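Q: I am new to this structure and would like a close look at a single part of it, followed outward into its surroundings. Please take your time and keep the steps connected.

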Amino acid sequence: MDTEIFIPPSHPPPVLDGDQVLQLAQAGYLPLKPPPNLLACLEDLLQLDREFFKQSTSSKETQFPTAEGTELGYYHVENEKEYLTFRHQYRGDSTSALSLAASRFWNIAASFLYRILCDVSTALDIPLPVWDPLLDGCLSMPGSTSETTPTLLRLFDYLPGAGAAEEHTDTGFLTLCIGTSPGLQVWNPSDPAATIPAGAWVDVGTQPTVLVGKTLQWLSAGTLKAGLHRVVPNIEGRQSVVFALRPSLRHPKLDLTPFGEPSVVDLVDVWKRIRGSVFNVNAQTKIRDEQKRKLKAKQSAEQGLG
């Protein structure tokens, strides 16, 4: 008797169709509907998030101490916003419920964005195994500080009528942004479907949106454009959840041959250059202004040398 042999698929089922991949590449952003299990985790996370931000500042700082500038723990920007950044799990009694909900959301969001990376890779003929070292330790929330990567999950609470973020592009591969009310705007440089004007700011409302980051733009040699976006004040305030899938730095030597460039680079150095090319829109105002001043001076000096 003949026995059929079934070969498993080489990659997960596609999330995006061809038109969606094209929009993501050309515009740098894509509104889309996440899977139901992610939305269910989102509801649990937002409920615990609301309870957390109602606490006193000292309580929030004690539970999630600020570390690494703005990159870990609780951070408050006066008269603008406050936010909590996860890059690993917290195991204290007062943090366990929120940390567990954040971990569940992280794992599902990371899988979702990985599947989008697979769709992009298929369209560009990039072999999927190249992502294994680039995402090592990123697809599930690390268990401790020593296991962290640049990937992060951030919970924002914007003040009514004041909370905002200046226009910027993200630094990683892909970012998933979900807000409870309008405020996020994306810059639409081109529109393959011709449904909205090119060269205009577009309100995404509460539609979950995926943004291309500068590292993915670099890896694709500009085929995918980093998504320019900003947050404008909402009179009622705004909560948002942002998951930024960034490169793991556990394997510094990166062979670019699969991406069409026959060379090997130091990923840590590349990441430092990309991070150094932007200012931190979520830092305190004085820190932001100083970073912008230094960045402008650096750019002027480079132009002078050119």
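**A strand and its surroundings**

A: The model shown here is a predicted one. A good place to begin is strand E4, which covers residues 152-158. Seven bridges join E4 to strand E11, made of residues 238-245, and these two strands run antiparallel. One of the pairings here sets Leu155 against Val241, its bridge partner in E11. E4 also pairs with strand E3, residues 81-86, again in the antiparallel sense and over six bridges. In that pairing, Tyr83 has Phe156 of E4 as its bridge partner.

Are the residues of E4 buried or exposed? Seven of the seven are buried, so the strand is largely enclosed by the rest of the structure. The side chains can be followed in two sets: Leu152, Arg154, Phe156 and Tyr158 point one way from E4, while Leu153, Leu155 and Asp157 point the other way, and all of them are buried. Phe156, the partner of Tyr83, and Leu155, the partner of Val241, therefore belong to opposite sets, yet both count among the buried residues.

From E4 one can step to its neighbour E3 and look at where that strand begins. Lys81 and Glu80 join their side chains in a salt bridge, with 3.1 Å from N to O. Lys81 counts as buried, at 1% relative accessibility, and Glu80 is likewise buried, at 11%. These two residues are also part of something wider, for Glu80, Lys81, Glu166, Arg288, Asp289 and Lys292 are linked in a network of salt bridges. Just before this pair in the chain, the loop between E2 and E3 contains Asn79. The phi of Asn79 is near 60°, a positive value in a residue other than glycine. This is worth a second look because most residues other than glycine have a negative phi. Asn79 is exposed, at 57% relative accessibility, whereas Lys81 is buried.

The other neighbour, E11, leads to a second salt bridge. Arg246 lies in the loop between E11 and strand E12, and its partner Glu71 lies in the loop between helix H3 and strand E2, so that the pair links distant parts of the chain, 175 residues apart. The side chains of Glu71 and Arg246 meet at 2.9 Å, N to O. Both ends are buried, Glu71 with a relative accessible area of 10% and Arg246 with one of 9%. The loop that holds Glu71 also holds Glu68, between H3 and E2. Glu68 has a positive phi, near 55°, although it is a residue other than glycine, and at 48% relative accessibility it counts as partly exposed.

Further along, strand E12 supplies Lys253, which is linked to Asp266 in strand E13, 13 residues apart. Their side chains meet in a salt bridge of 3.8 Å, N to O. Here Lys253 is exposed, at 61% relative accessibility, and Asp266 is partly exposed, at 23%. In the whole model the count comes to 13 salt bridges.

Away from these strands, helix H2 offers another view of burial. H2 runs over residues 36-53, has 18 residues and reaches 26 Å from its first C-alpha to its last, close to the 26 Å expected at 1.5 Å a residue. Its buried residues are Leu38, Cys41, Leu42, Leu45, Leu46, Asp49, Phe52 and Phe53. They cover an arc of only 145° around the axis, which puts them on the same side of H2. The spacing fits a general pattern, because an α-helix has 3.6 residues a turn, so residues three or four places apart point the same way.

Cys41, one of these buried residues, has a relative accessible area of 12%. How many disulfides does the model contain? The count comes to zero, and for Cys41 the nearest cysteine sulfur, that of Cys177, is 18 Å away. Cys138 tells a similar story, because its sulfur is 14 Å from the closest cysteine sulfur, in Cys118, which is too far for a bond. Cys138 is buried as well, at 0% relative accessibility.

Key: Residues are numbered from 1 along each chain as its sequence is written. This is a predicted model: local features need pLDDT of at least 70, side-chain atom pairs count only at pLDDT 80 or more; totals for chains, interfaces and linings use all residues. Side-chain values use heavy atoms; hydrogens and water are left out. Buried means under 20% relative accessible area, exposed over 50%, partly exposed in between (1.4 Å probe, protein chains only). Helices (H or I, at least four residues) and strands (E, at least two) are DSSP runs, numbered from the N terminus. Two strands pair if DSSP finds at least two bridges between them. A disulfide is a pair of cysteine sulfur atoms within 2.5 Å. The expected span of a helix is 1.5 Å times one less than its number of residues. The arc is that of the directions from the helix axis to the C-beta atoms. A salt bridge is a side-chain nitrogen of Lys or Arg within 4 Å of a carboxyl oxygen of Asp or Glu.
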